[in-house]
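Hi everyone, thanks for having me. Today I'd like to walk you through a structure, going from empty spaces to a helix and then a few odd spots in the backbone. Have a look at it first.

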Amino acid sequence: MATVSLRFSVRALEADAGLSGTFLAPHSGPRLVGKLRSSRVPADFQRHEVGPRGEVVHLAALGLGSGSGPGAGGSSASWVSADEQMRNARSHPLRSAKRSEAVASKEPWTATVYARGQRPDAARRVLASALQLPRTAVLGRGALHTPGISVQLVTFPRGLPTVLQQAQHDGPLVSGLLTGQDPLVAVGASTLLAPEVDAVGSTVQDTTSRRQRRGTGPENWQCQGHSYSVVLRNLSPWQCEAGIVEDGVARFATDGFINAFELGDFGLAEVRRYEVGAALWAGKWDLAAKLLLVMNQADTNGEACHSSPASAAAAAFRSGDLARGVELLPEDGTAEGLRALALQLLLRRPALEALQRAVPKPVWARHLSAVSRLAWSRAAAIRLRQMPHRPMPGDLIWDESAGEARALKADEVDMRRLADVVLPLPRPGEVVPECPGRLQMEATLDKLTSGQADPEVAAFPINVGSLMPRFRHLVCVPSDVSWDIVEAADGPVVDCDLTKLIGDEIGTVVRTPEADDTKATNRRARAGRRSAASGGSGGGSGV
């Protein structure tokens, strides 16, 4: 029932965001049809962060033990369960004292986090919980809200806690693998794969490895994109023999894809993030506080609110019984934000003051930006449905020389592609720039805020100017697209970083089939070339 409920929620959210039925591909002619099975085989959908020079982050070793280098991880006997870590923390009478002892060094620490499962976005929370640190102690850019595998760099801004730097410590950073929850999380050193060579003749990969061995992360590294490995299954032999697969991949490599936001950015709970954000945007502080108290009560398995550990508290909050709701909140540390907000309201502080005191700035930003994302998504859908899939006079394009967006002139249309078109992201207190989607964005904001789209920006504890970029490309065109058609069973087709590190031992940890030994020709997407390969049951495309 949970899977059916979640599927219905996703479809409803797609319709709300305007994404349902919106495609770049032409409506006529055959289409590439297959199935993404990453919910069953996480390795079918893998995402790796990419740096400014094209370097791709890979998990190179398990564990980051002090004095033992990036390759120190220990055997399978030293693997530590995150659940066990949490149980030990809850049962220890001096838990709060231990937290105070976990004083971090001043030097930031960078590590690579591998997450595998239904909720890769929860990896930083799992890691912080296992280390008995607040969630804000582990920073990373973005999260994958889709079942699959995510590999990214994370940073401990204040460094590692002192207790973790002791040689005798045998915690999660030494073992390198956290099991017993979703997602499975591995942490360790990274390899940044890039073909470039630095000034002294060393490759980027070698230079980065030396930095990791010194216990620090790559300097000035920022995620600028992502590298994807996608397996599309259940391709029919007819699609492969008729060239539909090759034509579809070639079109994808040439025309790109809609630059849509992940559905997780809007929230998959009963109360959407943009609903909370709209209440904040409109200055409806009482409504915003109530929505925050009753939203996102689903457990880690994606069950509905009634099966959540905090469901009883949510029911009390809905009825207005704050004191009872605080009593019913779980004591495992997962509801401290709700507790702080409810206690502020119990002290009879005004809702705005309670929100400013109890709600962290990233939470404000997350919900306010969801409103901007929704307005952008609906405007993008209207643009793609009602106008030709090519640049039109009046479309906004990004002018690199001027460093700003400007309207496209009629005599420039033939020199531009749809990928050059940008749409503005509305910001609180700012006028939406003139563009074909302006009226749609303003209508969305007006509907969400019930006509109160002029927010009290001074009340927000964040700088709305840095909330989101001012513009976002309508379409993205991937680079370096390769693909192949292989015959494969139900198991993984593409090995992930963790499988490459510990090989067959991964089966004893996550109980997944081993990857099939398939021969790949690593074909590049190229228009006009037909594939001579016959159809198989699985297909993979890496972007």
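So, the largest cavity holds about 80 Å³ of space. Keep in mind that this is a predicted model. How do we find a hole like that? Rolling a probe the size of a water molecule over the atoms shows where empty space is left. Counting cavities of 30 Å³ or more, we get two.

What lines the largest one? Its lining includes Pro424, Leu425, Pro426 and Arg427, then Glu430, Val431, Val432 and Pro433, and also Arg470 and Phe471. By type, that lining has seven nonpolar residues, three charged and no polar ones.

The second largest cavity has a volume of about 40 Å³. Around it you'll find Leu19, Thr22, Ile258, Ala260, Trp376, Ser377, Ala380, Ala381 and Leu384. Which helix gives the most to this lining? It's α15, residues 361-386, with five residues. Here the split is seven nonpolar, two polar and no charged.

Okay, let's zoom out. The protein chain has 543 residues, and 47% of them are buried. In secondary structure, we have 18 helices and 19 strands. Take contacts between residues at least 6 apart in sequence: 76% of those join residues at least 24 apart. The accessible surface is about 26600 Å², and carbon and sulfur atoms account for 51% of that.

Now for one helix, α14, which runs over residues 351-358. Its buried residues are Ala351, Ala354, Leu355 and Ala358. Why do they line one face? Looking down the axis of α14, these buried residues fall within an arc of 100°, so they sit along one face of the helix. Here's the background: an α-helix has 3.6 residues a turn, so residues three or four places apart point the same way. And what do the buried residues of α14 pack against? That would be α9, α10, α13 and α15. We met α15 a moment ago, at the second largest cavity.

Last, the backbone oddities. Aspartate 182 and proline 183 are joined by a cis peptide bond, with omega about 5°. Proline 183 is in the loop between β7 and β8.

Then there are two positive phi values in residues other than glycine. Asparagine 234 has phi near 65°, and its place is the loop between β10 and α7. It is partly exposed, at 44% relative accessible area. For aspartate 480, phi is near 55°. Aspartate 480 lies in the loop between β16 and β17, and at 55% relative accessibility it counts as exposed.

That's me done, thanks for listening!

Definitions and conventions:
Residues numbered from 1 in each chain as written. Predicted model: local features only at pLDDT ≥ 70, side-chain atom pairs only at ≥ 80, totals over all residues. Heavy atoms only, no water. 1 Å grid on protein atoms, 1.4 Å probe; cavity = no way out; pocket = protein on both sides within 12 Å on 5 of 7 lines; lining within 4 Å. Points joined across faces, edges and corners; volume = space filled by probe spheres on them. Nonpolar A, V, L, I, M, F, W, Y, C, P; charged D, E, K, R; others polar. Helix = DSSP H or I, 4+ residues; strand = E, 2+ residues; numbered from the N terminus. Buried < 20%, exposed > 50% of the residue type's maximum accessible area, 1.4 Å probe, protein only. Contact = heavy atoms within 4.5 Å. Areas by Shrake-Rupley, 256 points an atom, 1.4 Å probe, with all protein chains shown as cover. Arc of directions from axis to C-beta.
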